[in-house]
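The following exercises concern side-chain interactions and burial in a single protein. Each task is followed by a solution in steps.

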Amino acid sequence: MSVPVRVAAPTALVLALLLALSACSATRTTGEGGADRRPATARHPVAGKADAASGVVLRAERTTPTDIDLRWQGSGSGASGHVLEFATEESGPYTVLQYLPPSVTNYRHPDLMPNTTFFYRLRDFDGPVSEPVSVTLPKGELTAADEDSSHDWLPARKDPKRTAPGRPLRSTGAGAPTGLKAAVKHANGILFTWTDHASDEAGFLLEARTRTRSAYEPVVVLDPDVNSTGLITLPTEKEASYRVRAFTYGERSNVVRLTTGESTGP
């Protein structure tokens, strides 16, 4: 079991670990993603080749000394979305920054470490979704009884009773999760359960469409074979539609790199 993790990575928390791993890496692979090998400077802020197998071309621009804007195009391949990843070495390790729906084609990576080179890439993800369920949570915040109650429903689980014989995932819907149910646990908590029909999934995404959004967006990423997870909601998720996607990873974009400048802060 593991506590469900929201799709956005806390960059500040993982950067120190990435730098430590990079410093300790004695053996590295090369050439992944076809990155431009010219020095990344303020006058040469964009690097990378437009030869990505995915057809997606990623570009980067340093908008302030410590903010990097990423934009991409060619995302009309029919993929269910993209995973934006970053690293401090071209060969990685890469860390997931965000799972993004196909309608999103830009992202700002803010408040970065000064004088540090960052590498970015996108990966397609694709897979069928369950039927959605609508959830309306009680108004207000948690009561004292809610706060003191057990949250043993929150961790993600793999229940063999909700696992059907696995099928390869197909865009036609084969292998899609079925029987999605949402049980309200308190003013900020929902337990989701479903039946897993996939045999080759890289994982599952819990996706939400809130009242202010026109499309579903990934909110939690889960391991393969998981068929139960709790969610502690954000204020915007008090009333929303949810669904679960079984997914696999597809092609990668080009790799871009950019070096941050001097900090302008105190």
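**Overall organisation**

Among contacts (heavy atoms within 4.5 Å) between residues at least 6 apart in sequence, 76% join residues at least 24 apart. The model is predicted: local features need pLDDT of at least 70, side-chain atom pairs count only at pLDDT 80 or more, and totals for chains, interfaces and linings use all residues. Residues are numbered from 1 along each chain as its sequence is written, and side-chain values use heavy atoms, with hydrogens and water left out.

**Exercise 1.** State how many helices and strands the protein has, and what share of its residues counts as buried.

*Solution.* Step 1: the protein has two helices and 16 strands; helices (H or I, at least four residues) and strands (E, at least two) are DSSP runs, numbered from the N terminus. Step 2: 47% of the 266 residues count as buried. Buried means under 20% relative accessible area, exposed over 50%, and partly exposed in between, with a 1.4 Å probe and protein chains only. Step 3: the accessible surface comes to about 13300 Å², of which 52% belongs to carbon and sulfur atoms; such areas come from the Shrake-Rupley method with a 1.4 Å probe, and for residues only the protein chains shown count as cover.

**Exercise 2.** For the salt bridge of Arg123 and Glu85, determine the strands involved and whether each residue is buried or exposed.

*Solution.* Step 1: the side chains of Arg123 and Glu85 meet at 2.8 Å, N to O, which satisfies the criterion of a side-chain nitrogen of Lys or Arg within 4 Å of a carboxyl oxygen of Asp or Glu. Step 2: Arg123 lies in strand E7 (residues 117-126) and Glu85 in strand E4 (residues 81-87), so distant parts of the chain, 38 residues apart, are linked. Step 3: Arg123 is buried because its relative accessibility is 14%, and Glu85 is buried because its value is 2%. Step 4: Arg123 also lies over the face of Tyr249, at 4.0 Å from the ring centre; the criterion is CZ of Arg or NZ of Lys within 6 Å of the ring centre and within 35 degrees of the ring normal.

**Exercise 3.** Examine the salt bridge of Arg71 and Glu61, and place the pair in its network.

*Solution.* Step 1: the N to O distance between the side chains is 3.6 Å. Step 2: Arg71 belongs to strand E3 (residues 67-73) and Glu61 to strand E2 (residues 57-64), ten residues apart. Step 3: Arg71 is partly exposed because its relative accessibility is 44%; Glu61, at 40%, is partly exposed too. Step 4: Glu61, Asp69, Arg71 and Arg108 are linked in a network of salt bridges. The whole structure holds ten salt bridges.

**Exercise 4.** Describe the aromatic pair of Phe86 and Phe118, and name the strands that hold the two rings.

*Solution.* Step 1: the search of the whole structure gives eight aromatic pairs, that is, rings of Phe, Tyr and Trp (its six-membered ring) with centres within 6.5 Å; planes under 30 degrees apart count as stacked, over 60 as edge-to-face and the rest as tilted. Step 2: Phe86 and Phe118 form a tilted pair, 6.3 Å centre to centre with 40° between the planes. Step 3: Phe86 lies in strand E4 and Phe118 in strand E7, so the pair ties together parts 32 residues apart in sequence. Step 4: Phe86 and Phe118 are both buried.
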